[in-house]
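Welcome! Here are some short exercises, each with a worked solution to follow at your own pace. Have a look at the model first.

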Amino acid sequence: MRLLDRLVVRELIPPLLFGVALFTALIFAGGYVFMITEYAVKGVPLALVIELALLYLPQIAVKTLPMGMLLATLLGFGRLSSDWEITALRAAGVSLRRIMMPVFVLSLLVSLFAIGFNESLVPWATERANAIRAEILKKLELTEQQAFGFAQFNGGRLDSYVIVAGGHDSQTQTLYQVTILKYRTGAVRAPEAVAYAQRAEWAGENEWVLYDGWIRTMEGQTLSFRVFRAEPRAQVRIERTPVQIEALLTQVDERSFHQLREQIAFYAREGADPQVIRQLTVELYNKINVPLASLIFALLGAPLGIRAQRSSPATGFALSVAIIFLYWVLARYLIILGRSALPPPVASSIPNLIGLSFALWLIFRREHA
């Protein structure tokens, strides 16, 4: 039986490495190449650009390991099936469950490796990458790339929208280049007033102080100010506390499971938005469930790869892309549901549970075919 195990593992390792490299390159090309190229063109030292690119790879690899495992089992078992080796093993009395045992062991090892990788190297690499990117942006004066915004609601309707174009400093609790759009009441969401400030500083007691800016109402009135706390007429203000803003901007890849869990508990104590806390909790459990997808995808890909007729590797590629697409669409949708409708651990686990159920059903069918 050791010969069988070696046979299966030899079929899985090359497409696993190829799949991880391929999907990592595709995701990197789609999300990071333009940014990296822009920095290089604008004169950032090449060594710094290369370091930044390499630092983004670990967080991508954690997500592409399950994809590579799926592709490896589809191609590996597709090849064994096309060459009638699966049929020969079954005729010799070897059960499908025994044939899949090395798949289970290898995929479990890959999942455990991904969990450890996600807990150790990924937070460090992401934090280092963000520090380098902030340094580059400061040198190039590209503060607009640090911008973020958030909506503010009153009685369930959109009340205003805050745009922070210059980023924020969590140490001094300061927002830079702040624009606030205040909307009218009623069915038509037309702006009632617009305020701009060079900076906003937290004064405590649910109050931000705006400095060096102006307020313009839709009636054509413009008020300039240097220090501003609240405008009685337009009621233009920032409603969120610094802790709520920090929770909104939390990058989960920068933190390990333990660190993120502690931060979520801190946000809950400090009264951060419950929906944001629930979303972060879904992302917390995704730190376990996403690496475990390597095991689920392997158990799913092996029986799918067994086909009665010969098939080209293109079939395995197409099937892997379709499964990956469905998995990530479902996972993203469940993050949204985890904000309100589902318990966060359940929302995080459902894609793997569905995949596991389908895999066991396929294995049962192939076993008794």
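A residue counts as buried when its relative accessible area is under 20%. Keep in mind that this model is predicted.

**Exercise 1. Decide whether Ser256 is buried or exposed, and find its surroundings.**

Step 1: Place the residue. Ser256 sits in the loop between H7 and helix H8 (257-269).

Step 2: Compare its value with the cut-off. Ser256 has a relative accessibility of 10%, so it counts as buried.

Step 3: Look for partners. Leaving out residues up to four places away in sequence, Ser256 touches Glu119, Pro123 and Lys287.

**Exercise 2. Do the same for Gln244, and work out which residues it contacts.**

Step 1: Gln244 belongs to helix H7.

Step 2: The relative accessibility of Gln244 is 18%, and therefore this residue counts as buried.

Step 3: Setting aside neighbours within four places in sequence, Gln244 is in contact with Glu239, Gly271, Ala272 and Asp273.

Step 4: Now compare sequence with space. Gln244 and Ala268 are 24 residues apart in sequence, and their C-alpha atoms are 9.7 Å apart.

**Exercise 3. Describe the setting of Glu283.**

Step 1: Glu283 is part of helix H9.

Step 2: With a relative accessible area of 16%, Glu283 is buried.

Step 3: Not counting residues up to four places away in sequence, Glu283 touches Val252, Leu260, Arg332 and Ile335.

**Exercise 4. Check the length of H11 and locate its bend.**

Step 1: H11 has 24 residues, and at 1.5 Å a residue these should span 34 Å.

Step 2: The end C-alpha atoms of H11 are 35 Å apart, so the span agrees with the expected one.

Step 3: Follow the helix axis. H11 bends by about 40 degrees at Ile350, and the proline Pro351 follows within four residues.

Step 4: List what is hidden. The buried residues of H11 include Pro344, Ala347, Ser348, Pro351 and Asn352.

**Exercise 5. Make a similar check on helix H1 (residues 2-31).**

Step 1: H1 has 30 residues, for which 44 Å is expected at 1.5 Å a residue.

Step 2: From its first C-alpha to its last, H1 reaches 42 Å, close to that expectation.

Step 3: Among the buried residues of H1 are Leu4, Leu7, Val8, Glu11 and Leu12.

**Exercise 6. Find the largest cavity and say what lines it.**

Step 1: A search of the whole structure gives 2 cavities of 30 Å³ or more. The largest has a volume of about 80 Å³.

Step 2: Its lining has 13 residues, and Asn286, Val290, Ala331, Ser348 and Pro351 lie nearest its centre.

Step 3: Helices H9 (274-305), H10 (313-338) and H11 (344-367) each supply at least two of the lining residues. H10 gives the most, with 6 residues.

Step 4: Sorted by type, the lining of the largest cavity holds 9 nonpolar, 3 polar and 1 charged.

**Exercise 7. Characterise the second largest pocket.**

Step 1: This pocket has a volume of about 280 Å³.

Step 2: Its lining includes Tyr32, Tyr56, Gln59, Thr126 and Asn130.

Step 3: Helix H3 (46-82), helix H6 (101-140) and helix H7 (242-249) each supply at least two lining residues.

Step 4: The lining of the second largest pocket divides into 5 nonpolar, 5 polar and 1 charged.

Technical notes:
Residues numbered from 1 in each chain as written. Predicted model: local features only at pLDDT ≥ 70, side-chain atom pairs only at ≥ 80, totals over all residues. Heavy atoms only, no water. 1 Å grid on protein atoms, 1.4 Å probe; cavity = no way out; pocket = protein on both sides within 12 Å on 5 of 7 lines; lining within 4 Å. Points joined across faces, edges and corners; volume = space filled by probe spheres on them. Nonpolar A, V, L, I, M, F, W, Y, C, P; charged D, E, K, R; others polar. Expected span 1.5 Å × (residues − 1). Bend = angle between axes of the 7 residues up to and from the residue. Buried < 20%, exposed > 50% of the residue type's maximum accessible area, 1.4 Å probe, protein only. Contact = heavy atoms within 4.5 Å.
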